[in-house]
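Biologist: Could you take me through one strand in the middle of this fold, slowly, and then follow the packing outwards from there? I'd like to know what sits beside what.

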Amino acid sequence: MATIGHNNLNAKLVLLGDMGAGKSSLVLRFVKGQFLEFQESTIGAAFFSQTLAVNDATVKFEIWDTAGQERYHSLAPMYYRGAAAAIIVYDITSADSFTRAKKWVQELQKQGNPNMVMALAGNKADLEEKRKVTAEEARAYAEENGLFFMETSAKTAANVNDVFHEIAKRLPRAQPNQNPAGMVLVDRPAEGGARAASCCS
């Protein structure tokens, strides 16, 4: 879950998607500014952290990059349970990876944190000539399912930082109302008529 300190947010973020969709490449590009042409398959999951400044807050992402192989699927709930955000990654040159991404979305909708910020990332956008999934189709799917959508390229770095920044911007709005120390981050009525804390404006 995301936890709040003095304008500091710690947020667990998980990447899910088919093997070869480019999850590890996205994380490496975001965290280290690197791209490896031949990225080895992730075994189980890999952990990274990266801090972003957004508006007047600092967001520290605790990033779990999960393995895409089917044999690791049963481990995925260990990583996405309690996550504040998820990036579901598919490869724009593979219709199968888009189908798989939809399955991940369904699984998260059933079993993930209901306040989770979810992004759909169509990776490998630099391979336009091999495209099998249109941006329009993916955007429509994302809108229907409450995700935001971007096409990314870990190779060229296009939109990679933007996906993480957009998640960071959306995180406070995804907080449950029971904030410790009565901090209110969002102007909205307290659920069930509970005390409406109105401090810190």
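**A strand and its surroundings**

Modeller: Let's start with strand β6 and its partner β7 (residues 148-151): the two run parallel and are joined by four bridges. Bear in mind that this is a predicted model. If you want one spot to click on along that edge, try Gly122, which stands opposite Glu151 in β7. To get from one strand to the other, look for helix α4 (residues 135-144), which together with β6 and β7 makes a right-handed β-α-β unit.

Now for the other pairing. β6 also pairs with strand β5 (residues 85-91), again in the parallel sense, over seven bridges. One of the matched positions is Ala86, whose bridge partner in β6 is Met118. Here the chain leaves β5, passes through helix α3 (residues 95-111) and arrives at β6, in a β-α-β crossover that is right-handed.

How covered is β6 itself? The strand spans residues 117-123, and seven of its seven residues are buried. That holds for both faces: Val117, Ala119, Ala121 and Asn123 point one way, Met118, Leu120 and Gly122 point the other way, and all are buried.

Next, helix α1, since β6 is among the elements covering its buried residues, along with β2 (8-17), β3, β4 (57-66), β5 and α5. Nine of the ten residues of α1 are buried, so the rest of the structure largely encloses this helix. The buried set isn't just greasy side chains by name: it includes Lys23, Ser24, Ser25 and Arg29 as well as Leu26, Val27, Leu28, Phe30 and Val31. Just after the helix, Gly33 takes a positive phi of about 65°.

From α1 you can step into the aromatics, of which the structure holds seven pairs. The rings of Phe30 and Phe164 have centres 3.7 Å apart and planes at 0°, so this pair counts as stacked. Phe30 belongs to helix α1 (residues 23-32) and Phe164 to helix α5 (residues 160-170), so the pair ties together parts 134 residues apart in sequence. Both Phe30 and Phe164 are buried. Another pair, Tyr90 with Phe98, is tilted, at 4.8 Å centre to centre with 55° between the planes. Tyr90 has a relative accessible area of 0%, so it is buried, and Phe98 is buried too, at 4%. Back with the phenylalanines, Phe30, Phe61 and Phe164 form one aromatic cluster. There is a charge-over-ring arrangement to look at as well: Lys102 lies over the face of Tyr141, 5.4 Å from the ring centre.

One last stop takes us back to Ser24 in α1, which is buried. Its side chain is joined to that of Thr42 by a polar contact of 2.7 Å. Thr42 is in the loop between α1 and β3 (45-54). Despite that loop position, Thr42 is buried, because its relative accessible area is 13% and the cut-off is under 20%. Leaving out residues up to four places away in sequence, Thr42 touches Ser24, Asp65, Thr66, Ala67, Gln69 and Tyr72.

Definitions and conventions
Residues numbered from 1 in each chain as written. Predicted model: local features only at pLDDT ≥ 70, side-chain atom pairs only at ≥ 80, totals over all residues. Heavy atoms only, no water. Buried < 20%, exposed > 50% of the residue type's maximum accessible area, 1.4 Å probe, protein only. Pairing = 2+ DSSP bridges. Right-handed = clockwise from strand over helix to strand, strands pointing away. Phe/Tyr/Trp six-rings, centres within 6.5 Å; stacked < 30°, edge-to-face > 60°. Lys NZ or Arg CZ within 6 Å of the ring centre and 35° of its normal. Polar contact = N/O pair within 3.5 Å; in protein donor to acceptor, adjacent residues only side chain to side chain. Contact = heavy atoms within 4.5 Å.
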